[in-house]
Amino acid sequence: MIKNTITLILCVWPLIKGNQSPSQPDIVRLIHNKHYIDKTPLLVELLTHDYAVVTAPRKFGKSTNIAMMRTFLQMAVDSEGEPISNVIEENGEQIEKEDSELSENYKLFKNQQIYQNKAFYYQHCANHTVVHVSFKCSGKLHDFVDCFKKVISNSFAQHKYIVDKLDEEDKTRFNHLLEGRDVTIAGLQCALTFLARVLNQHYRKKPIVLIDDFDTPIIESIYKSHKEIEKLIEFIRLVYSHFLIENRNIQRCLISANNVKIAKLLAVYVNHDRYNPLFPNEFEFFPFLSNSTFTQYYGLTENEVRALLKNAGLKEKRKAVKYWYAYKLTGKMIKLFNTWSILEFLKKGEIDSYWIESYGERHLKEIFLNEKIQGPMDLLVSGEEIELKDIKLDIGYIMAMHRIFKKPLGHKLKKDNVDYGTYFLHFLMDNGYFNVELKDDDFLLRIPNKEVAHEFAENLHTVTFYVDKYNYDYSRIEDVVDTFKTIRVGNPQAIKDFEASVTAMYADRNVDLPKNDFQFYSALYVFVSTFGEFYRVLGESHCIGPRGLDLIVVRKEGTAIALQTRCGAGSELEALKQIMFDEQYCTILKQRYGDVNITHTIHIGLHLGADRVASTTYFGDDF
């Protein structure tokens, strides 16, 4: 059994009987939402760990789970901050009070799975003081400190009821932190330690700490690339060190983070120059995509997604959702989905990139021009698997990423022995961009789904990329696009002109011949989408299935051009048959472009041989 504890969560009011905390309505709306998935058994699992760090990519439900835990645990208190019990003991048995006497959050979870575990429910539900530590502050050191002051002030405001119970020295210190005045940097760094102590003295129980966004300030400082990153790391190190290492007034700590390497580095640096057997040696790290302990509680499982689609009347799009949004757990056949993309899809009913757009990695287009990064990313986007060596876990990892985002172009990076390509791939891996398998001491990386593939392709595959890397000639590119623009119903000569322009583009032996279908159609997609000026131009990554239409162009007047390619093996006729006789491709066209009244469709099969000669065949109205 778990000892009775206080849970420390900054920025959340305790539940005073008859009132709801600011966070309570969010959880109420979540539980009553038609897309709600019950994850409450996570509570039992989490509270079996004394010091645990759960790392998962963005939008996999980390903050939501902490909010659920906070709402479940937070107790009702009277005006003096004294607990009001929902359970009484009669004849040696625990009995619930009448419904009218129960706190709102206690009643909220009675219809959830967690209520089946009555002993746990009676012991913990609405039976803890709850305060939430969220480190979602970012910016330069000065901005971070100002943000952190507000976090501290709001946290102390939640516990004003204990001020009169403190001695004069503690009362003065409490009020200064509450009002944010006369607070030194050192005093700010020790504020959480002080709060834990006075709460422990008041309730005579050591608090549990729940920390959300443990590594966010460091990740944000990497993206924003400001010069004070080392000072920021030191500030955060001292906050955590005072609070988690030197603090004897906490009993349990549960942490959520995004990037397992940065979280581990923080753990190491928090313990800098101190011997403490509990931190980080006894801290348990649970990387979500490689450790199955909490797999079913973060993100969505395949069965959960299937149920959501069925309830939303979108059962027929299950295959599309799987291709676009599924991840594979390391070493397992388990498919996982990020919560945000699924919910956005259910809301809008359209397959698109939602997860990456929700954050928007900075400077990807410029970073992908770095030669050390460009090569492996091109292989990954092409559907290949690459091997990644492990790296030494030290501050060099953070500083290398800082320099990459500060000076993303390869020729601007400092000439040193740092393998920026390897560091960047580790950063992407740790932020959830790859499926990962282990091979001895190395990692095997693969793009997990079309949502990620589409975003990478959009940023990596530019006209400049093809000109610089594969030696394409701008004038030949323009000829290909110009002839493609003339393709219309009743004009078969335009298709032959397009064929000739493709042959001319590759006739130059300086141009690298595409190695596979992907490199061939990706180049055509980039050229046409950049210079074509069509109503809509979409490539393979926009389509449903393991291989979608390579290129789809929609004219505003209602003509659609569907192009399928083959490079090397195969033929133009084989490519044409793929899109003519596979019902899936016709369905794709209808699903994706229902906003345009498509009156004519032209299907083209295009083949590029090893002799650099292009050939076409086609089918369409009035040809």
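Which residues does Phe-434 touch, not counting residues up to four places away in sequence? I looked it up: Leu-380, Leu-425, Leu-428, Met-429, Leu-445, Arg-446, Ile-447, Pro-448 and Phe-456. A touch, or contact, here means heavy atoms within 4.5 Å.

Note to self: this is a predicted model, where local features need pLDDT of at least 70 and side-chain atom pairs count only at pLDDT 80 or more, while totals for chains, interfaces and linings use all residues. Residues are numbered from 1 along each chain as its sequence is written, and side-chain values use heavy atoms, with hydrogens and water left out.

Next I checked the largest nonpolar core (buried Ala, Val, Leu, Ile, Met, Phe, Trp, Tyr and Cys residues joined through side-chain atoms within 4.5 Å; buried is under 20% relative accessible area with a 1.4 Å probe, protein chains only). It has 180 residues, and Phe-434 is among those that touch the most other members, as are Leu-445 and Phe-456. Helix 11 (229-245) gives this core its largest share, 10 residues. Apart from it I found another core of 16 residues, including Leu-308 and Phe-337.

Then I turned to an open sheet with strand order 15-17-16 and antiparallel pairing. (Strands are DSSP runs of E, at least two residues; helices are H or I, at least four; both are numbered from the N terminus. Pairing takes at least two DSSP bridges.) Strands 15 (386-388) and 16 (435-439) are at the edges with a single partner each, so one side of each has no neighbour in the sheet. Strands 16 and 17 (442-446) share 5 bridges, and Glu-437 sits opposite Leu-444. Helix 19 (420-430) packs on this sheet, touching strands 15, 16 and 17.

Methods:
Axes fitted to C-alpha atoms, helices over the stretch in contact; angles between N-to-C directions. Buried < 20%, exposed > 50% of the residue type's maximum accessible area, 1.4 Å probe, protein only.
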